[in-house]
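Q: Could you take me through the salt bridges of this model, with a close look at the partners and their surroundings? I would enjoy one connected answer.

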Amino acid sequence: MQQTLKTLMLTAGLLASPLIAANTDAQTQALYQQHCASCHGSDRLGGMGPALLPDNLSRLKKDQAEDAIRNGRPATQMLGFADTLDAESITALAEYIYQPPAQEPVWGKSEITDSHLLPHPAGSLPDKPAYEADMMNLFLVVEIGDHHVTLLDGDSMEPIHRFASRYALHGGPKYSPDGRYVYFGSRDGWITKYDLYNLKVVAEIRAGINMRNIAVSADGEHVMAANYLPHTLVLFDAKDLNLLEIIPVENGAEESSRVSAVYTAPPRNSFIAALKDIPEAWEITVENDKAKVRRMQTDTWLDDFFFDPGYQHLIGAARDGKHGLVINMDTGKTTADLPLPGMPHLGSGITWDYQGTRVMATPHFRTGAVSIIDMDTWEVIKTLETAGPGFFMRSHENSRYAWVDVFFGPNKDKVHVIDKQTLEIVKTLQPAPGKVAAHVEFDRYGKKLLLSIWDDEGAVIVYDADTLKEEKRIPMNKPSGKYNVWNKINYEEGTSH
Ligand code: DHE
């Protein structure tokens, strides 16, 4: 929504009175077309502003939507309408955008290719960084408060650059294998390719209406997008984000499925997709830019995958939230059933060496517990009690500690530090009482780490990874995930991939 449009209309007398009322559905729709459509699309699929459909808004409460219409959103082009629309109309508009559209929106080949933006085609920008820093120790920090990303120097821990992102990025940004480029995915379906050498967006494309995440192939050649709406996986060339293929996600019996997420499996040179509505996991290989799908039937609906370091096993959370299944990736057969009551958040699991075996650890969304699992025997060897359900877990090969947050409940401002050899909590931090403290990422050496204070007036806190002492706070607007280039491109054992 542009203030200019509104002001022009007022000046031209097109808006009869500064305060407009909507009493019927037709009037509300007319108001939407008049005030919102130019930025959010006449079909509510989004444009310069985000899509305004119920699924896309599932993370925004209705009163927050009303507040955004009334007062605008700081640091965006969305300005307030309190002086133009009366309270009833604002409520009616907020109600309207939570109604499903009369017809299922379409996002196919032409919609995707029409959205393609290519400000800097491959090869058009210098191949040398425009600033001095250890390019392997850079961090990206996603600030979801005002939809920005900060680039941080991992040696000095000083911000280098801050830039606007698409609305509501979700999932980890994915780096090219050399660490020069990063690919962001937004919940609205936008993929943005960004050049860290030149600090510029080089290509963008909208893969879907409601997207979950993206994955970049281990060879850096392809990007795959996982969508809730439509029910598709979408393959792009990583160079300029040209569309290569739309893969309908169906089981052959006319049942289609949302895609919960797509992951890259480097040793297998494939992508793995988790399906929400069909009890199958898919492995997708790409040859000559064509995708080949291998379906693995699973005993139940699986979500939220984790993989062993060799990508021989997939561990998926069962939909009932009570256990995890281990699937052998070669045979597609279930090899173990793990008792994980409390809805494990496997996606944030990490692994380390413990007494000569590899263990993995995962927090749970519903219970205050971290489960530690022997990856040889697939036995839960320890259930650590925490101060509440957690979201993210992190460590680094060079650190003796693993960190887990308490994301939900009265202790949401606490973070536990676990000794990876005694499997005990050795310290509980509460860096900003009352504010969620969550999501850790280590620097490339495992010597320092960053923790988010998840608040509009939040910060990223730098800790010494050995002494656990706070070193500094860098103010940020609801910083969520942090992503270190070296850790990500080397698939470091203590971080997400
Ligand atoms: Fe996420 C990653 C799913 C809600 C912040 N989240 C992921 C991934 C999945 C996932 C499958 C891994 C994809 C990847 O990184 O490529 N998330 C889900 C959900 O199903 C859930 C519970 C509900 C939903 O509506 O999607 C959910 N996630 C959230 C949030 O509420 C969070 C806290 C705030 C937000 O931004 O929406 C959130 N999710 C994140 C972050 C990552 C993530 C920061 C990347 C973590 C990482 O370190 O890699």
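A: Let us begin with a yardstick: the radius of gyration is taken over C-alpha atoms, and the globule rule is 2.2 Å times the number of residues to the power 0.38. For 497 residues that rule puts a compact globule near 23 Å, and the chain agrees because its own radius of gyration is 23 Å. This is a predicted model, in which local features need pLDDT of at least 70 and side-chain atom pairs count only at pLDDT 80 or more, while totals for chains, interfaces and linings use all residues. Residues are numbered from 1 along each chain as its sequence is written, and side-chain values use heavy atoms, with hydrogens and water left out.

First, the setting. The chain has six helices and 32 strands; these are DSSP runs numbered from the N terminus, with helices being H or I of at least four residues and strands E of at least two. The C-alpha trace spans about 75 × 55 × 50 Å along its principal axes. Of the 497 residues, 57% count as buried, where buried means under 20% relative accessible area, exposed over 50%, and partly exposed in between (1.4 Å probe, protein chains only).

Now to the charges. The chain carries 48 positive and 66 negative charges, and their mean positions are 2 Å apart. Here Lys and Arg count as positive and Asp and Glu as negative, without His and the chain ends; each charge is placed at NZ of Lys, CZ of Arg, CG of Asp or CD of Glu. Side chains of opposite charge can pair when their charged atoms come close. The structure holds 24 salt bridges, each a side-chain nitrogen of Lys or Arg within 4 Å of a carboxyl oxygen of Asp or Glu.

One of them joins Glu283 and Arg294, at 2.6 Å from N to O. This pair links distant parts of the chain, eleven residues apart: Glu283 sits in strand S14 (residues 280–287) and Arg294 in strand S15 (residues 290–297). Glu283 counts as buried because its relative accessibility is 7%, whereas Arg294, at 27%, counts as partly exposed. Both also belong to a network of salt bridges that links Arg268, Glu283, Arg294 and Asp330.

Another salt bridge brings together the side chains of Lys435 and Asp455, with 3.5 Å from N to O. Lys435 lies in the loop between strand S27 (424–429) and strand S28 (437–442), and Asp455 in the loop between strand S29 (448–453) and strand S30 (458–464), so the pair ties together parts that are 20 residues apart in sequence. Lys435 is partly exposed, at 27% relative accessibility, and Asp455 is partly exposed as well, at 22%.

A further salt bridge is formed by Asp353 and Arg358, also with 3.5 Å from N to O. Asp353 counts as partly exposed because its relative accessibility is 45%.

Finally, a charged residue with a backbone feature to look at: Arg44 is not a glycine, yet its phi is positive, about 70°. Most residues other than glycine have a negative phi, and most peptide bonds are trans. Arg44 lies in the loop between helix H2 (25–40) and helix H3 (62–71), and it counts as buried because its relative accessibility is 4%.
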